[in-house]
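Thanks, everyone. Please put the structure up, and I'll walk you through a few backbone details.

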Amino acid sequence: MSESLRGKLATRLLGVGLTAALAAVTLVLAATDRLALYINPDSTWFAVTMAVLALVGAVASFALPLGAEADHGHDHGDGHDHGDGHGVSSRFARSTTGERHDHSTTGAGSTGEGRRGRPGSAVGGIAVAAGGVLATGVVAAIVLVPPATLSAEIAMSRDTGAAPLFQGADTVALAATGDTASFGIGEWASVFATATNPEAFDGDEVTLTGFATPAEDGFALTRLVITHCVIDAQPASVAISGGDAPATGEWVTVTGTIRDVDGRLQIEPASIEAVAEPRDPYEY
Amino acid sequence: MTVDTRPGRSRTATAVVAGVVVVAALLALALLSPFPNLPTRAQDGLTLSISVLIESLPFVMLGVVLSIVVQVWVPPGAIERWMPRNAWGRRAVLSLLGMLIPVCECGNVPFARGLLMRGFSVPETLTFLIAAPIVNPIVIITTHQAFGLDDGILIARLLGGYLIANLIGWLYSRHPDAGSLLTERFLATCALQEAGSEEAGGRGRRSLAQFVVELRAVMPALVIGSALAGAVQVLVPRDALLAIGSNPALSIIAMIALAMIVSICSNVDSFFALSFASTFTPGSIVAFLLVGPLVDVKMLALLRTTFRTKVLAGLVVIVVLAAIAIGGVVNLLV
């Protein structure tokens, strides 16, 4: 394969190719109802729309002859590189003194044959190639490796000791009215951490599902709470007093009663039942 | 050109069919995902990288589309007519452009490249790039949701972002040779673009070419940046950073380091920062909210497509120093 053909193919692979692969992953995840493993379902429509647009663009780009994007669309002959490079760099230059000659060479170098002669361009070329290989490898892994949820291990390593306060004062106010049917671990963790009148919750019955993480006595029932996408995932947990602590990372449904123990809220379990990891393992 | 002749047309049809086949193959591979899962830590790193990519891909697409619009479809002079003449005024207006085009930081890079190709100067474009991720409606709303007006965090973030952007624009406007701030690859793209615009017809074709070129420029950087962000998250122990949270000076440094590592979209970083608010000083939260959108690892990889390394080093130094200063002032006042 000639060097220039390889370059043209690389342009397509690293641009449109990587985009199409990621768009395909997005659409497959959305179609199989697993996009929520990565991003907040609120933005599914945006991700899907743009992924469709990306694939349409990718198909259309096949109609553009290979290398045409680096063409001017019409024949300029051989002299074009130097002239255009010069024009552009002078456009961006404020002063026209001194280095004019230097940067016009730079501009021309990157568009074509001038490049090979410059010192340092070999290193640059290797770095670009290595970056391209790395990016392609990462995207290949994304396509080929099945989707997964974050591990309990990472949830524990992210525990800052402070509850994530996504819900804020509204939730605590809502909780005080007793309307807690829709509460998940994220909401309860906020309430447990911030309630100024813990005794008001004493005796509330709750049923919560999450995975087990170690705690001082008993264990903690934990979920990762996501605002936007998994990279902002933060653990929220509620203390479960007593009962047989499940293995770390095991998913369980706990039914129990909230108890106020010296101002610290915890859940006294009535039953702890092992369950399979739910399809929507995160809370939003 | 052979596009309009009969054999050319059938060649185009063949090419499009080939495109459909390739896309179908990609969809099938993604559906089958024939490989096993990776070991826990590597899988977590990959999962984090995927989430950043899936999250930012739509914004990058939007940025590319806007860049095509600005480049190919908006007539010459249509934007320029509305700009003030004087350099300060132009930068001040550009730093508010993010209010109209809320594309989030990943989409800003292709859009900014479109502005540069259109003839906006390097300092003006930098001003837009730095201001837009912070001074934009979505970020203002989410920051307000998270912090309200407590501790002046929202106001410090907005004013700080605006000031840093204009400071950077001013500093780089004093650079004697702005062309030398750009990468060769980008200058080459501009050269092609400039020559291409002489051509009268073929807007569809030029749009397609721009689509190919912009994605080629942005995607590898985005993938590598996201992979880095994912890897760093599973490798750097978070407790090490958090141990120093309550010290007024050290906490600012720690939150800046965290911001550069975690690479969270500026739309939502306030919620992330909120969970640190109980242990960290308000100034350090402001520093986090200023540094993250501007110079985190993912953003630096994206900026590298267009600006030389020395510019990135300059941006990091200026943004970090400014964030320390602004965070310090907030800590003193609150």
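I'll take some strands first, then two loops.

One caveat up front: this is a predicted model.

Start with strand β2 of chain A, residues 219-225. How many of its seven residues are buried? Seven of the seven. And that holds on both faces. One side carries Phe219(A), Leu221(A), Arg223(A) and Val225(A), all buried. The other side has Ala220(A), Thr222(A) and Leu224(A), buried as well. Note that an arginine, Arg223(A), is among them.

Now the neighbours. Strand β1(A), residues 205-214, runs antiparallel to β2(A), and four bridges join the two. Pro214(A) stands opposite Phe219(A). The hairpin leaves four residues between these strands. There, Gly218(A) has a positive phi, near 70°.

Next, β3(A), residues 234-240. It pairs with β2(A) over seven bridges, again in the antiparallel sense. Look at Val225(A): its bridge partner in β3(A) is Gln234(A).

On to the loops. Most residues other than glycine have a negative phi. Two residues here go the other way.

Take Asp33(A), in the loop between α1 (3-31) and α2 (44-61) of chain A. Its phi is positive, near 65°. Is Asp33(A) buried or exposed? Exposed, because just 11 other C-beta atoms lie within 10 Å, and the cut-off is 12 or fewer.

Then Ser33(B), between α1 (6-32) and α2 (40-73) of chain B. Phi is positive again, near 30°. Ser33(B) counts 17 other C-beta atoms within 10 Å, so it is partly exposed.

That's my tour.

Technical notes:
Residues numbered from 1 in each chain as written. Chains lettered and ligands numbered in written order. Predicted model: local features only at pLDDT ≥ 70, side-chain atom pairs only at ≥ 80, totals over all residues. Buried ≥ 20, exposed ≤ 12 C-beta atoms within 10 Å, placed from the backbone. Pairing = 2+ DSSP bridges.
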